[in-house]
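Q: I would like to learn how to read the features of a model, one at a time. Where do we begin?

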Amino acid sequence: MAREAPADATVIGVPVASDGAVPRERGEVDRATLEASGFAGKVGQTLLLPRVDGPTIIEIGVGPVADLDEAAIRDAAAAFARAAVKHERLAIDLTGAGSELDARVVGRAVVEGVLLARYRYRAFIDKADEAHLTHLTLITARDHARAAAAGAAYGEVTARAVNTARDLCNTPATHLTARRLGKLARTLGEETGLEVEVFDEKELEALGCGGLLGVNAGSAEPPRMIKLTYTPDTKRPRGRLHLVGKGIMYDSGGISLKPSDALHAAMKLDMSGAAAILGAMTTLRELGCRTEVTGWLMCTDNMPSGTATRLGDVLTIHGGKTVEVINADAEGRLVMADALVLASEAEPDAVVTVATLTGAALRTFGPAMAAMMADRRDLAAQLQAAGDATDERVWELPFIRRYRRSLDSAIADIKNMGGENAGTITAGLFLQDFTGGVPFGHLDICGPMMTDTDDAWRSVGATAFATRLLSRFAIDFRPPAA
Ligand code: BES
Ligand code: ZN
Ligand code: ZN
């Protein structure tokens, strides 16, 4: 935070709207010259103005003044960070376009946009010539400095959480096993004020978690259930929320083996729901969340072998309900069923599942949106609001109760796959069977879990979608009315 650009910044970003005045204080050019260079000020557009005697200026398009909002600023900041990819010390001048917006919101959006766009997964390649972002200075008017700084601090917390979750998702399955995730969760929990309990296979057996154990049966690696607890520093918490994450470290499809195409080569990302919950929960103490939050991360890989669960087998979920497995690739709902029953036993105000659950959600919405379901209107509204606020967009699908019949089994309480249609909805209906009537929300994040190319603040690879959404949702949570 500063009122002037620091002397060692090698690049200064200057937001320019597509209408209205053009800032000229740093020797920038006029609108006609910008337009002649093909720069119209649209969100995502940038124009580099090199100078012989000072830092490079990057004009950053932020679109029409009337449409300026948090998402536009985040996108514009991300475009700036990418245009400045060769630079390590960045400054951005927020005294012009957008200065009429809440400075706290602007500070947060700028920091999120820049830090998320500069993310790279570099555990296995050394790009020696790559510049690393070391400094980011926000230049503001004096009376906005305090609010902008608060927003920037918030954005640093959320962006760090997202990038941590992205690292977990991008890590190949052989390098990130359920056991290792358990250890990392302990460390992260210690650093961020969470209680962490890790349940091993013996403890899972004692608890009767037949869903998680059944999916793990074909694996050489043991499963882990990771329970995270956030207790706010307040005598009267605003409510009690449980989050359940699908933590399939690698989904081969099990006995129902997947083909070896590009999509299925991305199945190390099948723990994205668990990663998003872990990431989100690391933000709660620093952001002053007043809701009590419990996270259940259900972790194992799903492998075929001589010991794997066979089709037609019946698993007993924690609490005693039985499931006939007719497709070993519909494993996410099996591992989450155990956690849903455990969560419902605590009688929280709501439970929300987060999972890369169905290819059907990807087919329906593509990468831009997650499918959301909720069996209380107020809960749906809260999930929708958190998604809109963070630009992690969700779209609601209905619980069509009469499709529940497609999950009827002749030999067990339920089977793990419905018919060929409405796969996202029948998966939601399956999960709902284990909630014991606790208000239930569900995010199927299969579509937006990854991006093939850099796209605004989404950097290539895992997006850790829902990390910021869940953080906001928990912070703003109130027990659903109906
Ligand atoms: N992990 C997959 C879903 C998935 C597919 C995630 C593509 C990301 C990209 C899930 O376990 C799965 O295989 N679901 C099946 C369910 C079916 C067997 C009922 C699917 O969607 O085909
Ligand atoms: Zn899966
Ligand atoms: Zn699967």
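A: We begin with a polar contact of the bound molecule: an oxygen atom of ligand 1 lies 2.9 Å from an N or O atom in the side chain of Glu331. Keep in mind that this is a predicted model.

Q: Which other polar contacts does ligand 1 have with Lys258 and Gly359?
A: The side chain of Lys258 has an N or O atom 2.9 Å from an oxygen atom of ligand 1. With Gly359 the partner is a polar backbone atom, 2.7 Å from an oxygen atom of the ligand. As for cover, ligand 1 taken alone exposes 510 Å², and the protein buries 85% of that.

Q: Which residues around ligand 1 come nearest, and how does the shell divide by residue type?
A: There are 18 residues around ligand 1, and the nearest are Lys258, Asp270, Asp329, Glu331 and Gly359. By type, the shell holds seven nonpolar, four polar and seven charged residues.

Q: Which protein atoms are donors of the zinc ion (ligand 2)?
A: A metal site is read from its donor atoms and then from the angles among them. For the zinc ion (ligand 2), the protein donors are Lys246 (NZ), Asp251 (OD), Asp270 (OD) and Glu331 (OE), at 2.0 to 2.4 Å. Along the chain these donors follow the spacing K-x4-D-x18-D-x60-E.

Q: What geometry does the site of the zinc ion (ligand 2) have?
A: Ideal angles for six octahedral donors are 90 or 180 degrees. The six donor atoms of the zinc ion (ligand 2) make angles of 77 to 168 degrees, and the site is octahedral.

Q: What are the protein donors and the geometry of the zinc ion (ligand 3)?
A: Here Asp329 appears twice, through O and through OD, beside Asp251 (OD) and Glu331 (OE), with distances of 2.0 to 2.2 Å. The spacing of the donor residues in sequence is D-x77-D-x1-E. This site also has six donor atoms, but with angles of 71 to 168 degrees it is irregular.

Q: How far apart are the zinc ion (ligand 2) and the zinc ion (ligand 3), and which residue coordinates both?
A: The two ions are 3.2 Å apart, and Asp251 coordinates both. Asp251 belongs to strand E8 (residues 240-251), while Asp270, 19 residues away, is in the loop between E8 and helix H8 (272-283), so that the pair links distant parts of the chain.

Q: Are these donor residues buried or exposed?
A: Burial is read from relative accessible area. Asp251 and Asp270 are both buried. Glu331 is buried too, because its relative accessible area is 0%. Asp329 has a relative accessible area of 23%, which means that it counts as partly exposed.

Q: Where does Thr291 lie, and what does its side chain contact?
A: Thr291 is in the loop between H8 and strand E9 (292-302). A polar atom of its side chain is 2.7 Å from the backbone oxygen of Ala474. A loop position does not settle the question of burial; the accessible area has to be read. Thr291 has a relative accessible area of 0%, so it is buried.

Q: Is Arg402, also a loop residue, buried or exposed?
A: Arg402 lies in the loop between strand E14 (394-396) and strand E15 (414-415). Its relative accessibility is 59%, and therefore it counts as exposed.

Q: How far apart are Arg402 and Thr192 in sequence and in space?
A: They are 210 residues apart in sequence, and their C-alpha atoms are 44 Å apart in space.

Key
Residues numbered from 1 in each chain as written. Chains lettered and ligands numbered in written order. Predicted model: local features only at pLDDT ≥ 70, side-chain atom pairs only at ≥ 80, totals over all residues. Heavy atoms only, no water. Donors = N, O, S within 2.8 Å, 3.2 Å for Na, K, Ca; no water. Tetrahedral: all angles 85-135°; square planar, octahedral: opposite > 155°, others 65-115°. Helix = DSSP H or I, 4+ residues; strand = E, 2+ residues; numbered from the N terminus. Buried < 20%, exposed > 50% of the residue type's maximum accessible area, 1.4 Å probe, protein only. Near = heavy atom within 4 Å. Polar contact = N/O pair within 3.5 Å; in protein donor to acceptor, adjacent residues only side chain to side chain. Areas by Shrake-Rupley, 256 points an atom, 1.4 Å probe, with all protein chains shown as cover. Nonpolar A, V, L, I, M, F, W, Y, C, P; charged D, E, K, R; others polar.
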